[in-house]
Amino acid sequence: MGFIELKNVCKKYDKTDKNAVTDFNLSIKEKEFIAFVGPSGCGKSTTLRMIAGFEEISSGELYIDGKKMNETAPMDRGISMVFQNYALYPHMTVEKNISYGLKNMKVPADEIKRKTDWAVKILGLEEYRYRKPKNLSGGQRQRVALGRAIVKNQKVFLMDEPLSNLDAKLRVSMRNEISKLHRELGSTTIYVTHDQVEAMTMADRIVIMKDGVIQQTGAPMELYEHPANKFVAGFIGSPQMNFYNVRLDGRTIIFKDNNKAELPETIAGKLSKYKNGLIMGIRGEDIKLDAQNLDLNTGSRQKAIIDNTEIMGNENNLYFEFGGVTSVARVSKYEVSHIGDTVEFVMMPHRMHFFDPETEKAVVL
Amino acid sequence: MLTRKQKRNNWILTAVLIIASLFFLFPVIWMLANSFKPDVAITNDMNSISAFVPPALNGSFFDNYITILTNTSFVRYMLNTLFYAAVLIILGIIVNGLAGYALAKINFPFRERWLMIIMLLMIVPMETIITIHFLFIAKLGLLNTVIGYILPMIVNPFNIFLFRQVFTSLPDDIYEAAQLDHCSPVKYFFTMVLPMSKSVVATVSVFTFLNVWNDYLWPSLVFTSGDLLTAQIGLNAITSNENTTMGQTLAVITMVTIPVIIIYSLFSKQIVEGVVSTGSKEG
């Protein structure tokens with residue numbers, strides 16, 4: 001049994017027909033960093049709140065450290081939580097916000113002081129110690145929220161989109177700080193986010209959800225390289241994977257606009273049963289424009305006119321119409337193309353993903 | 001940048017407002033000025049501008065006030081009223097605050113209907129139910145007691161509604177964070193909800209004080225003993241006494257009025273907030 005175990009957990013709100021969360025099964029190891037990720041309304045926060053005890057579990061079982069927790073009050077579950085809007089006590093100073101829980105837990109005063117000093121120091125809040133939350137910036141508030149969570153020395157940290165209110169730059173630095181804290185404290189962390197970059201960069205394992213159902217659970221690269229279905233393939237990775245409805249004729253893929261590409265025999269053989277077509281997906285970085293790859297795949301060379309570019313600094317995203325859809329190629333910063341340029345490219349056959357057109361599940365190659 | 005026309009309009013408006021406020025202030029100024037005069041001077045000055053001018057500061061300047069404060073129990077009545085107001089402010093905040101919190105944050109059957117009933121009670125004038133209060137307190141044998149006076153005054157639908165309106169906007173995640181910080185619901189109410197809602201607490205305190213200070217009908221029914229009387233009843237008792245001079249009467253009225261003026265000027269923001277957030281006025 002894992003440190004946190006969710007067995008067939010469902011959530012159904014009164015007066016609704018559909019479950020908010022359906023049959024959620026997950027085993028989380030001690031000290032693991034798990035990210036729940038998915039679009040708004042996918043049930044990730046609801047699941048987190050069921051673990052915290054703020055939402056009743058409609059059916060199924062929740063175990064933390066071997067004990068069934070379905071009916072246990074939030075304060076007795078051994079958890080700390082960081083909230084999306086920080087949920088700081090506005091009338092208390094930073095120090096009081098951090099130490100409030102310890103006081104309620106009847107921790108001796110010297111211990112409270114020691115722990116508060118430690119949290120204030122580790123989070124770089126020394127000079128803000130006696131300020132109230134309204135006099136702090138977003139990043140400082142988030143640090144106070146983290147401080148409040150870490151001083152209680154709980155075994156489980158729950159974080160509900162803790163960085164969503166911060167600007168992009170601060171988000172990156174806080175991401176780093178949270179990862180560092182997790183490593184230092186060694187607590188089990190469940191992190192909810194709708195930002196796949198946060199999930200990819202921080203988590204040991206990611207749980208991708210859609211409409212209250214787990215789509216796939218796995219290590220970040222596992223999800224990136226081997227998405228279980230079209231939703232996961234599209235959700236993980238930026239820019240999003242390109243999807244094409246294609247037909248197969250022997251080893252040849254025929255796109256909607258009648259462009260063709262050759263597949264190796266090993267791949268084509270495994271796709272032969274999809275007589276009526278299937279969905280092909282390819283990531284932007286697997287569309288190559290460089291001479292070496294063009295020479296190696298002469299039979300699959302394609303042409304397109306660039307209709308938009310995104311200069312990212314370290315790389316460029318090139319947008320063009322191909323296969324009946326707007327496609328994007330992610331190329332190095334040295335491969336400069338301009339709007340209106342005609343480019344030649346190849347789609348790397350071994351990097352293609354194929355999905356069943358009806359179930360949208362990945363075809364195992 | 002204001003145009004010339006706007007500037008001129010502002011001047012006209014200011015002048016009109018000054019004249020209007022003087023119109024309302026005249027009785028107060030007259031009362032204040034004459035409260036320092038002996039009756040002869042009041043009568044002599046009656047038809048002249050001197051009626052609005054206090055006498056010269058001399059040895060007998062405060063005579064009316066000294067007579068009232070030394071020869072009557074008015075100080076006691078004032079202290080009684082302050083005590084009742086303090087008790088009612090504390091109890092009112094606890095009882096009405098808890099009710100407001102329940103209506104704002106706790107899900108229970110028919111919550112919206114309860115709120116509707118409380119809102120309906122806001123439009124029932126106190127005078128229409130005062131007989132019921134009186135009979136109830138009499139049945140309990142609490143007439144002429146502090147408890148008998150205070151008990152029916154604690155619950156106030158207006159204050160419940162005021163608290164409810166403010167508590168509704170408190171974020172739920174603070175309660176959740178407090179729960180994880182091992183804070184009990186009662187402790188949460190006193191250490192989080194009330195300090196986070198200082199403004200409504202101040203508003204309710206001001207309204208309660210003004211209510212108690214200005215109330216005449218209920219204390220006149222409950223109290224028969226002189227020791228427990230409130231300032232308003234005391235005022236009536238003193239001014240209706242044949243031996244009380246006009247100057248002394250005005251001094252008593254001034255003393256009763258001053259706390260109200262101070263409270264209004266110090267807490268006008270809270271009073272306005274109360275009116276704005278509920279759309280009605282109490283006190």
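**Exercise 1. Work out which residue of strand 8 of chain A stands opposite A:I34, and describe the surroundings of strand 3 of chain A.**

Solution. Start with the pair itself: in this predicted model, A:I34 faces A:I190, which sits in strand 8 of chain A.

Next, look at how the two strands run. Strand 3 (residues 33–37) of chain A and strand 8 (residues 188–193) of chain A are parallel and share five bridges.

Now turn to strand 9 (residues 205–210) of chain A, which also pairs with strand 3 in the parallel sense, this time over four bridges. Here A:F36 is the residue that stands opposite A:V207.

Then check the side chains. A:F33, A:A35 and A:V37 point one way from the strand, A:I34 and A:F36 point the other way, and all of them are buried. With five of its five residues buried, strand 3 of chain A is therefore largely enclosed by the rest of the structure.

**Exercise 2. Lay out the open sheet of five strands in chain A and find its edges.**

Solution. Write down the order: 15-19-16-17-18, with antiparallel pairing.

The edges are the strands that pair on one side only, namely strand 15 (287–288) and strand 18 (325–332) of chain A.

Now zoom in on one pairing. Strand 16 (residues 302–311) and strand 19 (residues 342–347) of chain A run antiparallel and are joined by four bridges. On strand 19 of chain A, the residue opposite A:I305 is A:T342.

**Exercise 3. Check the length of helix 5 of chain B, then decide which side of the helix is buried.**

Solution. Do the length first. Helix 5 of chain B covers residues 111–122, so 12 residues at 1.5 Å each should span 16 Å, and the 17 Å between the end C-alpha atoms agrees with that.

Next, list the buried residues of helix 5 of chain B: B:R111, B:L115 and B:I118. They lie on the same side of the helix, because their arc around the axis is only 60°. The general rule behind this kind of pattern is that an α-helix has 3.6 residues a turn, so residues three or four places apart point the same way.

Flip to the other side of helix 5 of chain B and you find B:R113 and B:M116 exposed.

Finally, ask what does the covering: helix 4 (74–105) and helix 8 (157–168) of chain B are included in what lies over the buried residues of helix 5.

**Exercise 4. Characterise two buried residues of chain B, B:G92 and B:Q270.**

Solution. Take B:G92, a residue of helix 4 of chain B. Its relative accessibility is 3%, so B:G92 counts as buried. Outside the four nearest places in sequence, B:G92 touches B:G97, B:I154 and B:F163. B:M153 is 61 residues away along the chain, yet its C-alpha atom is 8.3 Å from that of B:G92.

Now B:Q270, which belongs to helix 15 (residues 268–278) of chain B. B:Q270 has a relative accessible area of 13% and is buried. Beyond its neighbours within four places, B:Q270 contacts B:S199, B:A202 and B:T203.

For the setting, chain B has 15 helices and zero strands, and 40% of its 283 residues are buried. Of the contacts in chain B between residues at least 6 apart in sequence, 76% join residues at least 24 apart.

**Exercise 5. Describe the interface between chain B and chain A.**

Solution. Count the participants: 15 residues from chain B and 22 residues from chain A.

Then the area: the two chains bury about 1800 Å² between them, with 60% of it on carbon and sulfur atoms. On the chain B side, B:L180, B:D181 and B:H182 lose the most area, together 41% of what that side buries.

Add the charges. The rule finds two salt bridges across the interface; one joins the side chains of A:K152 and B:D181, at 2.7 Å from N to O.

Last, look at A:Q154, in the loop between helix 4 (138–150) and strand 7 (156–160) of chain A. A:Q154 is buried at 15% relative accessible area, and its contacts beyond four places in sequence include A:M105, A:S187 and B:H182.

Note on methods: Residues are numbered from 1 along each chain as its sequence is written. Chains are lettered from A and ligands numbered from 1 in the order in which they are written. This is a predicted model: local features need pLDDT of at least 70, side-chain atom pairs count only at pLDDT 80 or more; totals for chains, interfaces and linings use all residues. Side-chain values use heavy atoms; hydrogens and water are left out. Two strands pair if DSSP finds at least two bridges between them. The expected span of a helix is 1.5 Å times one less than its number of residues. Buried means under 20% relative accessible area, exposed over 50%, partly exposed in between (1.4 Å probe, protein chains only). The arc is that of the directions from the helix axis to the C-beta atoms. Contact means heavy atoms within 4.5 Å. Buried area is the accessible area (1.4 Å probe) that two parts lose on being put together, summed over both. A salt bridge is a side-chain nitrogen of Lys or Arg within 4 Å of a carboxyl oxygen of Asp or Glu.
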